[in-house]
Every structure is written in C-alpha cells, then in structure tokens.
Amino acid sequence: MTAENQRTPNQTRSRISLLLVAAMFLGSFGVAALLFFGGWKPTSTRNIGEMLSPYPDLRDVALVRADGQPWAWTPADRHWHILVAPPADCGEPCGQLLNALHRVWYSEGRHAEKLKVLWFGELPAGAPEFSGLVPMQPSAALQGKLPDQARADALPVYLADSNGYLVLRYAPGFDPSGLRKDLGRVLK
C-alpha cells in the first residue's frame with residue numbers, strides 16, 4: 001500500500017462529518033423544494049375568503065354615494081373596501097349582516113380607519129352608524145360586475161382593494177371572523 005491510499009481515522013471521520021453536514025443541508029433543501037413545487041402551502045398563508053380570478057375591475061363603474069356625491073377609488077389612501085350590494089327590502093338578514101360588519105370594522109382597532117364598508121342600497125332599520133360605513137346608491141353596472149347576485153336569504157360580501165379591484169368573495173352565511181382574519185393580513 002502506498003501512503004496515498006492509506007487514510008488515517010481522523011481523515012475518514014472528517015470526511016464522514018462533512019458528508020453528513022452536506023446531506024442534512026441538501027436533504028432539508030430537497031424536502032422544502034418538494035413541498036413547494038408540490039403545491040403545499042402552510043395554512044397561515046391561505047385566505048379565508050374565495051380569491052377571485054381574474055379580479056373584476058370596478059374602476060370604470062360610476063359609483064355614487066347615497067348623498068349624490070361621486071365615489072372615486074383613491075389608491076394613495078391604501079384603504080380596503082368591504083362591498084355589500086343587498087336586494088331591495090332585505091329586512092332582518094341585512095340588519096344582521098351590517099351589525100356583523102360593524103363588529104368586524106370595530107375589531108380592527110387603529111387600522112379601522114383604513115377600512116370602508118360600502119353599502120349599496122337602503123340601510124336597514126336600526127343600522128349602526130360608524131365612520132367606516134359609506135352608504136351608496138344601488139348600481140346596476142356594479143351588479144353586472146359582481147360574480148353572483150344577492151338575495152335576501154343569500155348575501156355575499158366582497159373585499160376590494162384601494163385600486164378598485166374585487167379581490168375576495170365571502171359566500172352567503174360566511175363567518176365574520178374569517179373576514180377579520182383576512183383583513184388582519186392586509187390592513188397594516
């Protein structure tokens with residue numbers, strides 16, 4: 001045997017240690033790559049509401065406040081908007097929904113100023129008044145852009161960004177805490 005072929009136990013141990021470190025690094029990288037490319041995402045990054053694709057663009061719809069003033073999307077303000085377009089004569093379901101939206105708005109604390117609730121139609125009797133509520137006139141053009149039509153027994157809610165794009169849809173009967181969780185991710 002030549003001196004080159006003989007390895008001391010320290011050299012062998014060092015090489016095995018190096019291979020173990022490389023295997024641990026590359027193994028964890030491989031597992032992460034497999035999960036990522038396999039489509040797995042942790043639950044904390046998922047939205048509760050249904051992501052709309054493509055995002056309906058509301059910028060070309062002429063929206064008017066209930067007092068007759070035009071509504072303009074203001075991207076610089078970075079406000080998020082909850083949109084509700086209830087049918088006429090909605091009654092008690094609309095009152096319950098507006099109370100739930102008021103609680104969601106209130107729960108945002110100091111970030112509530114960045115959230116507007118756009119209510120398209122007549123406010124229900126006994127509706128709570130809060131600074132984030134913006135009563136709007138009903139709009140047929142807006143109804144045409146929404147993915148589904150509201151009924152008294154089925155009131156969907158939408159979340160729009162400050163640019164005027166509908167981003168999320170909350171199905172009728174949704175849990176308001178899910179809307180609050182989604183807002184917690186975007187209102188910062």
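# A tour from Asn 163 to helix H1

Select Asn 163 to begin: leaving out residues up to four places away in sequence, Asn 163 touches Arg 59, Trp 73 and Pro 75. The model on the screen is a predicted one. Asn 163 sits in the loop that joins S7 and S8. Is Asn 163 buried, partly exposed or exposed? Its relative accessible area is 31%, so Asn 163 is partly exposed. Now add Glu 113 to the selection. Glu 113 and Asn 163 are 50 residues apart along the chain, and their C-alpha atoms are separated by 17 Å.

**Next stop: His 79**

Keep Glu 113 shown and select His 79, which is found in the loop between strand S3 (70-71) and S4. A polar atom of the His 79 side chain lies 3.3 Å from the backbone oxygen of Glu 113. Setting aside neighbours within four places in sequence, His 79 is in contact with Glu 113, Lys 114, Lys 116, Asp 161 and Ser 162. The relative accessible area of His 79 is 17%; buried means under 20%, so His 79 is buried.

**The sheet**

Switch to a cartoon view and colour the strands. In what order do the six strands of the open sheet lie? The order is S1-S8-S7-S4-S5-S6, and the pairing is mixed. At the edges stand strand S1 (50-51) and S6; each has a single partner strand, so each has one side without a neighbour in the sheet. Strands in a sheet pair through backbone hydrogen bonds, and the pairing can be parallel or antiparallel.

Select S1 together with strand S8 (residues 166-170). These two pair in the antiparallel sense, over two bridges. Label Glu 50 and look across to S8, where its bridge partner is Arg 169.

Two helices can now be added to the view. H2 packs on the sheet and touches S4, S5, S6 and S7, and its direction makes about 170° with that of S5. H4 also packs on the sheet. The strands that H4 touches are S4, S5, S7 and S8, and its direction makes about 160° with that of S8.

**Inside the sheet: S5**

Select S4 and S5. These strands run parallel and are joined by five bridges. Val 84 is the residue opposite Trp 119 in S5. How many of the six residues of S5 are buried? Six of the six are, so S5 is largely enclosed by the rest of the structure. Show the side chains of S5 to see both faces. Leu 115, Val 117 and Trp 119 are buried on one side, and Lys 116, Leu 118 and Phe 120 are buried on the other.

**Helix H2**

Select residues 92-107, which make up helix H2. With 16 residues at 1.5 Å a residue, H2 should span 22 Å, and its end C-alpha atoms are 23 Å apart, which agrees. Which residues of H2 are buried? They are Cys 94, Gly 95, Leu 97, Leu 98, Ala 100, Leu 101, Val 104 and Trp 105. Their cover includes strands S4 (80-84), S5 (115-120), S6 (133-136) and S7 (157-160), along with helix H4 (176-186). Just after H2, select Gly 109, which takes a positive phi of about 60°.

**The disulfide**

Select Cys 90 and Cys 94 and show their sulfur atoms. A disulfide is a covalent bond between the sulfur atoms of two cysteines. Here the sulfur atoms of Cys 90 and Cys 94 are 2.0 Å apart and form a disulfide. A search of the whole structure finds one disulfide. The link of Cys 90 and Cys 94 is right-handed, with 100° about the S-S bond. Cys 90 counts as buried at 10% relative accessibility, and Cys 94 counts as buried at 3%.

**Pro 128 and helix H1**

Move to Pro 128, in the loop between S5 and S6. Not counting residues up to four places away in sequence, Pro 128 touches Leu 98, Asn 99, His 102 and Leu 133. Pro 128 has 15% relative accessibility and counts as buried. Add Leu 34 and zoom out. Pro 128 and Leu 34 are 94 residues apart in sequence, and their C-alpha atoms are 50 Å apart in space.

Last, select helix H1, residues 9-37. H1 has 29 residues and reaches 41 Å from its first C-alpha to its last, close to the 42 Å expected at 1.5 Å a residue. After H1 comes Gly 39, with a positive phi near 95°.

Notes. Residues numbered from 1 in each chain as written. Predicted model: local features only at pLDDT ≥ 70, side-chain atom pairs only at ≥ 80, totals over all residues. Heavy atoms only, no water. Helix = DSSP H or I, 4+ residues; strand = E, 2+ residues; numbered from the N terminus. Expected span 1.5 Å × (residues − 1). Buried < 20%, exposed > 50% of the residue type's maximum accessible area, 1.4 Å probe, protein only. Contact = heavy atoms within 4.5 Å. Pairing = 2+ DSSP bridges. Axes fitted to C-alpha atoms, helices over the stretch in contact; angles between N-to-C directions. Polar contact = N/O pair within 3.5 Å; in protein donor to acceptor, adjacent residues only side chain to side chain. Disulfide = S-S within 2.5 Å.
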